[in-house]
There are 2 protein chains.
Amino acid sequence: MLHILFVLYAISHKHCSSGEIPTMNGNKSFEPSCPLPSSDKKTVQLAHGGGGRLMQELIQDIFVRAFHNPLLAPMHDGATWPVEKGTLAFTTDSYVVRPLFFPGGDIGSLAVHGTINDLAMCGAKPLYLSAGFILEEGLSLDVLQQVVNSMAKAAQAAGVSIVTGDTKVVDRGKGDGIFINTAGVGLVPSGVRIAPTLIQPGDAILVSGDLGSHGVAVLSVREGLTFAGNVESDSAPLHEVVGDLMGSGVDLHCMRDLTRGGLASALNELATAAKVGMSIDESAVPVLEPVRGACELLGLDPLYVANEGRFVAMVPESQAETALAVMRRHAVSSKAARIGVVTGRHAPPVILQTVLGTHRILDLLSGEQLPRIC
Amino acid sequence: MLHILFVLYAISHKHCSSGEIPTMNGNKSFEPSCPLPSSDKKTVQLAHGGGGRLMQELIQDIFVRAFHNPLLAPMHDGATWPVEKGTLAFTTDSYVVRPLFFPGGDIGSLAVHGTINDLAMCGAKPLYLSAGFILEEGLSLDVLQQVVNSMAKAAQAAGVSIVTGDTKVVDRGKGDGIFINTAGVGLVPSGVRIAPTLIQPGDAILVSGDLGSHGVAVLSVREGLTFAGNVESDSAPLHEVVGDLMGSGVDLHCMRDLTRGGLASALNELATAAKVGMSIDESAVPVLEPVRGACELLGLDPLYVANEGRFVAMVPESQAETALAVMRRHAVSSKAARIGVVTGRHAPPVILQTVLGTHRILDLLSGEQLPRIC
């Protein structure tokens with residue numbers, strides 16, 4: 001008994017930084033954690049994840065206020081809504097980008113854009129998002145508010161609602177400020193089919209814009225580097241240009257957004273899944289000058305750097321110009337370009353025709369250029 | 001220039017624990033991180049989240065192998081499937097339980113059961129889950145495999161598929177082994193409506209089983225305590241008993257699963273949302289003896305301790321016995337009991353008739369009894 005009391009005393013002190021041993025409901029004076037939150041009103045506390053009053057306040061004051069919509073309002077365990085007969089798309093992504101804020105965006109807008117884009121790549125019109133937060137004890141509530149406001153703004157701009165959510169708090173040193181998971185549900189218009197297996201030899205390979213800005217923007221602020229020219233993240237929702245493309249009559253065979261691993265990784269994944277080869281013309285791949293300069297300086301290859309508002313599309317050769325014209329009507333894809341062609345199967349599957357006139361294998365990276373870029 | 005070279009040298013060394021400055025594609029000899037993974041094949045590396053070959057291997061070898069199903073197979077940015085006209089439910093939860101394994105379950109089975117249960121509480125038949133992993137660099141791949149296998153087993157047992165997913169890796173010391181987010185989509189049968197606002201004065205309040213086992217089981221292993229009797233987590237899927245209840249003709253007004261904050265918090269949330277009062281008979285609330293003993297020793301109130309396979313239901317008084325009979329047919333709710341009644345509105349809304357014959361306010365906790373319990 002003495003032993004267990006000592007253990008409990010130790011537990012109590014381990015969790016309560018104040019060193020107090022609080023009581024609850026008059027039962028016992030030993031507590032395995034802190035039943036009473038500290039008076040600190042400016043940072044996230046473990047109690048914000050406890051299911052009690054502080055969590056309710058956090059949910060009401062920060063999340064519900066920012067995200068308010070009719071499906072969220074009932075505050076039930078999930079959101080429900082009527083659907084017509086059709087095809088649904090469902091996707092998820094977690095966001096652990098470091099730092100939380102970077103030129104052109106933050107973890108909040110990124111978490112909305114990224115999941116919208118995954119739905120768009122399935123040919124779906126995004127409808128509803130979920131938001132799961134893993135907060136680190138000690139996080140500034142002001143920072144959380146900024147991130148949540150940014151999510152709300154990005155969702156509203158894209159015409160989607162955040163309809164269900166969850167908040168967990170982990171102890172100091174067991175997280176990194178904020179991690180966000182968003183899952184998304186969307187509706188695939190009747191007749192739309194987008195899949196790697198539809199890619200055919202002869203298809204034109206189009207990219208929706210210049211590459212590498214997101215990775216370079218995040219890296220610049222993370223490491224305190226400044227480059228000539230301000231590089232901003234390309235983080236943006238792609239569902240409108242994709243919707244327009246699908247409505248234009250272009251026979252979209254496949255699309256993929258170019259996130260971690262960049263263009264090179266996406267092409268390798270698609271070529272492998274489709275059992276085809278791909279030939280890419282390096283000189284046709286748009287990269288902004290400051291991004292190219294930063295990449296050269298840092299020893300990065302822009303074809304492998306993460307983007308958060310760019311995609312690649314495979315369409316029949318005869319429809320490539322129509323597709324490019326549609327894409328260029330949207331600001332997010334105004335620099336769309338034709339960068340290559342799908343060929344018969346060969347291994348390795350993706351070959352780059354370099355600006356020097358040589359050929360280079362564009363392989364999957366073994367490792368990681370930029371950790372925690374999204 | 002010298003300055004920036006120094007910065008790059010420092011960055012390179014900071015990220016590469018090996019101290020090597022690797023090269024890539026013959027471009028530059030300075031790298032902001034480790035393009036080449038270490039030869040360690042037994043733990044999670046940052047490169048496992050990088051979108052390259054190592055991530056593909058992780059996805060194929062661990063996730064796809066365990067979760068394989070036709071919707072996951074295309075390996076696209078999301079899963080798509082046809083739906084009929086109806087009502088959908090959508091929910092999400094993140095899981096940060098510590099430790100990862102505990103008597104009666106682990107973070108994997110918990111992540112499946114918890115999200116299934118949130119769908120069940122909306123009256124929905126669970127269909128598909130997403131799985132988002134945030135892994136800490138250095139996590140044992142064996143541990144990850146065990147958790148993933150447990151998820152796959154729990155999903156299969158419950159008749160749901162994990163159809164889309166995501167993996168992120170954070171640097172050592174910025175996570176805690178494994179965090180999992182699962183979102184879920186389910187189908188609400190025609191005519192079903194479950195909502196806090198349907199709760200009426202006079203409704204019977206039923207609980208599906210004994211309370212507090214999950215919290216006590218996790219705490220016991222976390223803190224190395226042993227109690228008389230083995231306490232196992234109650235973690236279990238609730239959709240089958242809920243489906244049976246809905247099919248039985250009982251007019252279910254509302255349900256809620258009793259997770260963080262336990263019975264007391266769930267009742268407070270529901271009573272507030274429904275603008276009613278509730279009166280609970282403490283002597284009718286089932287709590288197993290070892291759980292009660294552990295709670296007394298630890299100064300915990302079992303009415304506030306987290307459960308992961310228990311729910312409360314409000315039904316018309318005249319149907320209470322029918323509902324209890326249905327619930328008791330299922331192992332997961334064999335100890336279902338009637339614990340109280342919905343009354344007219346009063347504040348505070350939930351009153352406990354104690355075993356001593358006195359009244360006690362059953363309020364929301366200000367703080368947190370047991371951090372990271374789910």
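**Exercises on a predicted two-chain model**

In chain A of this predicted model, an open sheet of 7 strands with mixed pairing follows the order β9-β11-β8-β12-β10-β13-β14.

**Exercise 1.** Determine which strands of chain A stand at the edges of the sheet and what this leaves without a neighbour.

*Solution.* Step 1: read the two ends of the order, β9 and β14. Step 2: β9 (254–257) and β14 (359–361) of chain A each have a single partner strand, so one side of each has no neighbour in the sheet. Step 3: from one strand to the next, the twist averages 25°. Step 4: at the β14 end, β13 (residues 350–353) of chain A pairs with β14(A) in the antiparallel sense over 3 bridges; I351(A) has I361(A) as its bridge partner in β14(A).

**Exercise 2.** State which strands helix α9 of chain A lies across.

*Solution.* Helix α9 (residues 320–328) lies across β8 (204–207), β11 (311–315) and β12 (337–343) of chain A, and runs at about 10° to β8(A).

**Exercise 3.** Describe the contact between chain A and chain B.

*Solution.* Step 1: each side is counted, giving 96 residues from chain A and 96 residues from chain B. Step 2: on the side of chain B, strand β2 (residues 86–95) gives the largest share, 9 residues. Step 3: by class, that side has 45 nonpolar, 31 polar and 20 charged residues. Step 4: β2 (residues 86–95) of chain A runs antiparallel to β1 (residues 79–83) of chain B, joined by 5 bridges; G86(A) has V83(B) as bridge partner.

**Exercise 4.** Find how the two copies are related.

*Solution.* Step 1: a turn of 180° with a shift of 0.0 Å along the axis lays chain B on chain A with an RMSD of 0.0 Å. Step 2: the copies are therefore related as by a two-fold rotation axis. Step 3: 100% of the contact residues of chain B recur in chain A, so that the same surface serves both copies.

Notes. Residues are numbered from 1 along each chain as its sequence is written. Chains are lettered from A and ligands numbered from 1 in the order in which they are written. This is a predicted model: local features need pLDDT of at least 70, side-chain atom pairs count only at pLDDT 80 or more; totals for chains, interfaces and linings use all residues. Two residues are in contact if their C-beta atoms, placed from the backbone, lie within 7 Å. Helices (H or I, at least four residues) and strands (E, at least two) are DSSP runs, numbered from the N terminus. Ala, Val, Leu, Ile, Met, Phe, Trp, Tyr, Cys and Pro count as nonpolar, Asp, Glu, Lys and Arg as charged, and the others, Gly among them, as polar. Two strands pair if DSSP finds at least two bridges between them. Copies are superposed by least squares on the C-alpha atoms of residues with pLDDT of at least 70 in both. Axes are lines fitted to C-alpha atoms, for helices over the stretch in contact, and angles run from 0 to 180 degrees between N-to-C directions.
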